[in-house]
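Q: Hi, could you walk me through this one? I'd like to go through it piece by piece.
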Amino acid sequence: MDRGPWWATFNGLHRVRHDLRNLACIHTPIPRNYDPTLHPFEVPREYIRALNATKLERVFAKPFLASLDGHRDGVNCLAKNPKSLTTVLSGACDGEVKIWNLTRRKCIRTIQAHEGFVRGICTRFCGTSFFTVGDDKTVKQWKMDGPSCGEEEEPLHTILGKTVYTGIDHHWKEAVFATCGQQVDIWDEQRTNPICSMTWGFDSISSVKFNPIETFLLGSCASDRNIVLYDMRQATPLKKVILDMRTNTICWNPMEAFIFTAANEDYNLYTFDMRALDTPVMVHMDHVSAVLDVDYSPTGREFVSASFDKSIRIFPVDKSRSREVYHTKRMQHVICVKWTADSKYIMCGSDEMNIRLWKANASEKLGVLTSREKAAADYNQKLKEKFQYHPHIKRISRHRHLPKSIYSQIQEQRIMKEARRRKELNRIKHSKPGSVQMVSEKKKHIVAVVK
Amino acid sequence: METVPKPGSNVPPKKERLQAKKKKPRRYWEQETTGTAAGASPGPPRKRKRNRELRPQKPKKNDTSKKFRISKKPRELKSPGPQRSLSGAQDPFAGPAPVSVEVVQKYCRIDKSKEVPHPKTKTRSRLAAAEAQEEETSVRAARSELLLAEEPGFLEGEDGEDTAKIRQADIVEAVDIASAAKHFDLNLRQFGPYRLNYSSTGRHLAFGGRRGHVAALDWVTKKLMCEINVMEAVRDVRFLHSETLLAVAQNRWLHIYDNQGIELHCVRRCDRATRLEFLPFHFLLATASETGFLTYLDVSVGKIVAALNARAGRLSVMTQNPYNAVIHLGHSNGTVSLWSPAMKEPLAKILCHRGGVRAVAVDPTGTHMATSGLDHQLKLFDLRGTFQPLSARTLPQGAGHLAFSQRGLLAAGMGDVVNIWAGQGKASPPSLEQPYLTHRLSGHVHGLQFCPYEDVLGVGHSGGITSMLVPGSAEPNFDGLESNPYRSRKQRQEWEVKALLEKVPAELICLDPRALAEVDVVSLEQAKKERAERLGYDPDATAPFQPKLKQKGRSSTASLVKRKRKVMDQEHRDKVRQSLEQQPQKQEKAKPTGARPSALDRFVR
């Protein structure tokens, strides 16, 4: 290291870098200098990279993975196995229940569970058994594993009820489950009579859901347009909110205990904070027909909704517009939808007897990624985020092909909405100032909150 | 190098330790700098013939007075240094390494002076997060400077001796053989005066003589790539994005050759070109022609992007601003006009000289522009904002050619003499008082360019080509992923694909290249207004005050109205106060306009 002053003075001149001649051959680290003047046009170049990444994202957006066929009638309900990612259960309109293996994409077991519809299906938290309710006024408990050789396919327990049950959900920690029909019944697994039954009004309740965090809380929705919340520890319901139209299902956010989303007949989804039901946190509008089912991603950041308009949509919880819409030519009215527990896939069951498997992230590459692939994907993701508001990039990333029926419906509904708004504005304009108030979209659909 | 004594190995008694606590912990780089400083001086200072010495530059990290340390807990700054570990050994370098503020500033990209008008809470928090991240990144980038292998060289005379008196022969004599080989003269009197161009990696050199001689060579190894005579006057030569393509402005048309000297294209749309400039990130070849047109040719697709009429006669002075890819044209009426392909009119016009402009150069940071004119003046302009002249100097002959180096040295060719001025550092303007180096050539200067990443100035003149050694002119540390002088053929091909994929469209050329990353305030306000119009109300407006209902009969209509009135009055008062505060500012601004404004006001300092 004996370098005279002359040496130091002529840096850049005396460099002997034979080892750098061929960086590809020798694994010397590539010399980097992050000086901004050596990297001019940083922003425009990043912008172009972001544009390219956005375009590639649309090119690689192939979300449809598989279709599981085998049911002989429309798929009415789906359930995940909490202990196994590969197992999925589905109930059909002809009373048949099928258990599927997702990796093999095969049906591994078929049970004729009920006469008439299978109205609801849910698994026990331990994943060893599952419950079904049907139009034949029975609740049945089944073992997850099939019967051994020579045994008959028989339920573990059967409860004969007085009325039709329309939905079922299991408690997340205890041996308790809830059914709904004309009232909400809470059952101990060991008994044939409900521990308690709760009603508020006289209408049929379409769905009941346990809160996954505050496990004593339940939510239900009924056809008299209301959503009722219950606490299992007390005999009477907590409170209810009445909306403009009927709510089909609700789903609790698995990460935030007091947030739930309701799938409504008026084409919208409403995310509520159960502490303040008078204003929904967010109104999610994009469907053009009744929303039939909703399910949260395990991260609690997004949810997927199934609709009568033959499409499923993915909404971020804090956005009112969907980020993604999935549809195929053959998919009919989607009745049930589930987000898998690894948050990577979405399953939907539809009228035309198929269960479809989708990627939650349409352009994601499946399988093992090399570290460089991963780094590139992360970098592109960051770039897309950084430039997401630029009009050109926004347009490309938002563009989706829609079937003609949905497309024309959207146009039509836009016109209708515009007309309604215009009328409202005119009404305000031509009446005494202050007498007619502008009602925000969030408050418009809430009729009343009752405690 | 000395080793740092481990403070944990011999723990001082209690009293001493208290004293030690007060002391600032020693950093290993402090140790090192003193070590190297000592290491540089121990031998007797090298006395040379004329008592002049060349010293290594003092390390920048030496300045301990201004230290900048980013840490989430500000208390860490006060923590008394060494912390004990389980083994009892102390960490002599506790906490994050300090970084100097100036270095962090160099990497900082966010301009905090600009603010987004009335951001919502969510946006504000997001902006704050982005800002924090940005600061973190710049600190990290500043830290990584420690890893740079090379330091820039420089030349220093002893006891204030003039470095301009050092001749090239002296420098060549003193440096090592490899560096000495970089000083050479090509004696080409036959096809004289030469224009020359280095490729973007600084590895290759192309030159073209007025009488048709065109050659390209790997100038470091002196390996000739091609040598042809185009049998036509050559006005200018320019490498395209890599050294494999060479654009030559010939008497009639623009021709493009490959590195074998095979003519690939003859671009007849670019006729009578006098000067060429290549914008490497946009893949645009800008040609200035005798007919007064500035033409942009997209070399990746072979299309003319824009042909702009400068309406100023023959164009023979052109340079590009490497910071924002704006083309600067010098005109015979003393103005310099700034052009982008997206605009039919110049972005700006700067009156620089009385008499024609002879040469223009812009430094790589895009902050300074040097111009020389027929009035024998050499002027330095600030390109940020107002285009004010920073300094000026009259030269006996006036400079015909100007060039900036990567580290901000300015070279001027005057007749057969080349003068080089140096500044204080990279982004500082060169001081025009005293030249840093001078050199006399065997012919009149016709082309000048500093070689990137090598301390070399290439001069084309009527007697051939001269490659001068200019210590400290180039950036010593290259970035392997941006432009690698040592890249292999395969690497060049890979890089070419990447570069083409991220070709910046010509429409994005504007004065501020960072504008794309900033909030477009004007259209934001416009969109807000339109939205309010469409909705019939402003959704962002604060709701009118609604008095709360109070108990015990205090919520009578009268008291409600009273409370409402109170709030309204307060709001009104605030508004009036604000407007009053704004008014005197307006008056102050209006005052100095009493006298008639003159065009020369901009030169008043």
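Q: Which residues of chain A does the UniProt annotation "domain: Sof1-like protein" cover?
A: Happy to help! This is a predicted model, and the UniProt annotation, from an unreviewed entry, covers residues 360–446 of chain A.

Q: And how much helix and strand is in residues 360–446 of chain A?
A: That span is 62% helix and 1% strand. Its end C-alpha atoms lie 31 Å apart.

Q: Over to chain B. Where does UniProt place "domain: BING4 C-terminal"?
A: UniProt, again in an unreviewed entry, puts that feature at residues 435–513 of chain B. The span is 16% helix and 28% strand, with its end C-alpha atoms 33 Å apart.

Q: Let's talk sheets. In what order do the four strands of the open sheet in chain B come?
A: The order is β22-β23-β24-β25 in chain B, with antiparallel pairing. The edge strands are β22 (401–404) and β25 (437–440) of chain B, each pairing on one side only.

Q: How many bridges join β24(B) and β25(B)?
A: Four bridges, in the antiparallel sense, with β24 of chain B running over residues 417–421. Along that pair, Asn419(B) stands opposite Thr438(B) of β25(B).

Q: New topic: how many residues are in the largest nonpolar core?
A: It has 35 residues. Val418(B), Ile420(B), Tyr436(B), Leu457(B) and Val470(B) have the most contacts inside it. Strands supplying at least two residues each include β24 and β27 (456–461) of chain B.

Q: What does Val470(B) contact, leaving aside neighbours within four places in sequence?
A: Its partners include Leu409(B), Ile420(B), Tyr436(B), Phe450(B) and Leu457(B).

Technical notes: Residues numbered from 1 in each chain as written. Chains lettered and ligands numbered in written order. Predicted model: local features only at pLDDT ≥ 70, side-chain atom pairs only at ≥ 80, totals over all residues. Heavy atoms only, no water. UniProt positions renumbered as here; feature names shortened; annotations may be inferred. Pairing = 2+ DSSP bridges. Core = buried A, V, L, I, M, F, W, Y, C linked by side-chain atoms within 4.5 Å. Buried < 20%, exposed > 50% of the residue type's maximum accessible area, 1.4 Å probe, protein only. Contact = heavy atoms within 4.5 Å.
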